[in-house]
Amino acid sequence: MSGPIRILVDADACPVKDEIYKVAWRHGLPVTLVSNQHLRVPQHPLVDRVVVGSGFDAADDWIAEASRPGVVVVTADILLADRCLKAGAAAISPAGKPFTAESIGSAVATRAIMADLRAGMTGEGIGGPPPFSKADRSRFLSALDEALVRLKRLFPTASPPAP
């Protein structure tokens with residue numbers, strides 16, 4: 001493994017940034033927010049920001065290239081999660097659903113089916129995901145904490161002590 005355990009965030013539309021900071025600070029782990037536009041981030045030594053520009057999939061490409069064992073990626077993008085898993089990273093949706101090697105194939109297939117359905121709809125749409133809820137936020141906090149604890153057990157010398 002090269003480098004410490006870290007969290008990478010597909011940040012442009014991420015609804016759980018504050019939760020990510022809290023968990024990362026508690027574990028003493030760095031967070032990198034990757035976005036296409038400038039975002040406000042806390043002034044903290046463990047928080048970094050990367051603005052990649054407006055190119056199609058530029059943030060996704062940066063995150064996928066930085067993914068490796070020891071990295072947790074937070075993204076709602078199923079195709080990005082698939083790329084990160086293939087690179088050895090862990091991936092979690094903002095709603096707290098861990099993407100796994102076992103579940104990603106069906107998630108990609110479902111995404112493709114839904115895209116086809118939306119493309120074929122005229123007039124009234126089929127709708128999007130349900131609104132983000134407190135239960136989603138709670139599930140996310142638990143899933144991120146569990147992923148980081150698991151990585152700390154796998155790579156005990158990789159993580160710095162908590163500040």
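Of the 163 residues in this chain, 40% count as buried. Keep in mind as we go that this is a predicted model. Among contacts between residues at least 6 apart in sequence, 53% join residues that are at least 24 apart. The secondary structure comes to five helices and six strands. If you follow the chain from the N terminus, the elements come in the order β-α-β-β-α-β-α-β-β-α-α.

Let's start with the strands. They form an open sheet of six, with the order β3-β2-β1-β4-β5-β6, and the pairing in it is mixed. At the edges sit β3, residues 47-51, and β6, residues 98-99, and each of those pairs on one side only. Helix α2, which covers residues 58-66, packs on this sheet and touches β1 (6-10), β2 (31-35), β3 and β4. The direction of α2 makes about 160 degrees with that of β1.

Now please zoom in on β1. How many of its five residues are buried? Five of the five are, so β1 is largely enclosed by the rest of the structure. The side chains split between two directions: R6, L8 and D10 point one way, while I7 and V9 point the other way. Notice that R6 and D10 belong to the buried set along with L8, I7 and V9.

What does β1 pair with? On one side there is β2, joined to β1 in the parallel sense over four bridges. If you want a pair to click on, V9 stands opposite L33 in β2. Then there is β4, which also runs parallel to β1, and four bridges join these two strands. Here you can pick R6, which stands opposite V71 in β4, or I7, which stands opposite V72 in β4.

That brings us to β4 itself, residues 71-74. V71 and V73 point one way from this strand, V72 and V74 point the other way, and all of them are buried. Beyond β4 comes β5, residues 90-92, and three bridges join these two parallel strands. V72 turns up again here, since its bridge partner in β5 is A90. So V72 is a handy residue for walking across the sheet: I7 of β1 stands opposite V72, and A90 is the bridge partner of V72 in β5. A little further along, V74 stands opposite I92 in β5.

Next, the helices, and two pairs of them. Take α2 again, this time with helix α3, residues 78-86. Their axes come within 8 Å and cross at roughly 20 degrees. An angle under 35 degrees counts as roughly parallel, and that makes α2 roughly parallel to α3. The crossing of α2 past α3 is right-handed. Which residues make the contact? From α2 we have D60, D61, I63 and A64, and from α3 we have L80, R83 and C84. By class, the residues of this contact divide into four nonpolar, no polar and three charged.

The second pair is α1, residues 17-27, with α5. The axes of these helices come within 10 Å and cross at roughly 30 degrees. That makes α1 roughly parallel to α5 as well. Is the crossing left-handed or right-handed? α1 passes α5 in a right-handed crossing. On the α1 side you will find E19, I20, V23, R26 and H27. They meet R137, F140, L141, L144, D145, L148, V149 and K152 of α5. Sorted by class, the residues of the contact of α1 with α5 come to seven nonpolar, one polar and five charged.

Let me finish with a single residue, S138. Where does S138 sit? S138 lies in helix α5, residues 134-154. Why is S138 called partly exposed rather than buried or exposed? Its relative accessible area is 45%, and the partly exposed range lies between under 20% for buried and over 50% for exposed. S138 also gives us a distance to look at in the viewer: the C-alpha atoms of S138 and G96 are separated by 7.7 Å, and these two residues are 42 apart along the chain.

Key:
Residues numbered from 1 in each chain as written. Predicted model: local features only at pLDDT ≥ 70, side-chain atom pairs only at ≥ 80, totals over all residues. Heavy atoms only, no water. Pairing = 2+ DSSP bridges. Contact = heavy atoms within 4.5 Å. Axes fitted to C-alpha atoms, helices over the stretch in contact; angles between N-to-C directions. Buried < 20%, exposed > 50% of the residue type's maximum accessible area, 1.4 Å probe, protein only. Parallel < 35°, antiparallel > 145°, perpendicular 65-115°, else oblique. Left-handed = near helix turned anticlockwise from the far one by under 90°. Nonpolar A, V, L, I, M, F, W, Y, C, P; charged D, E, K, R; others polar.
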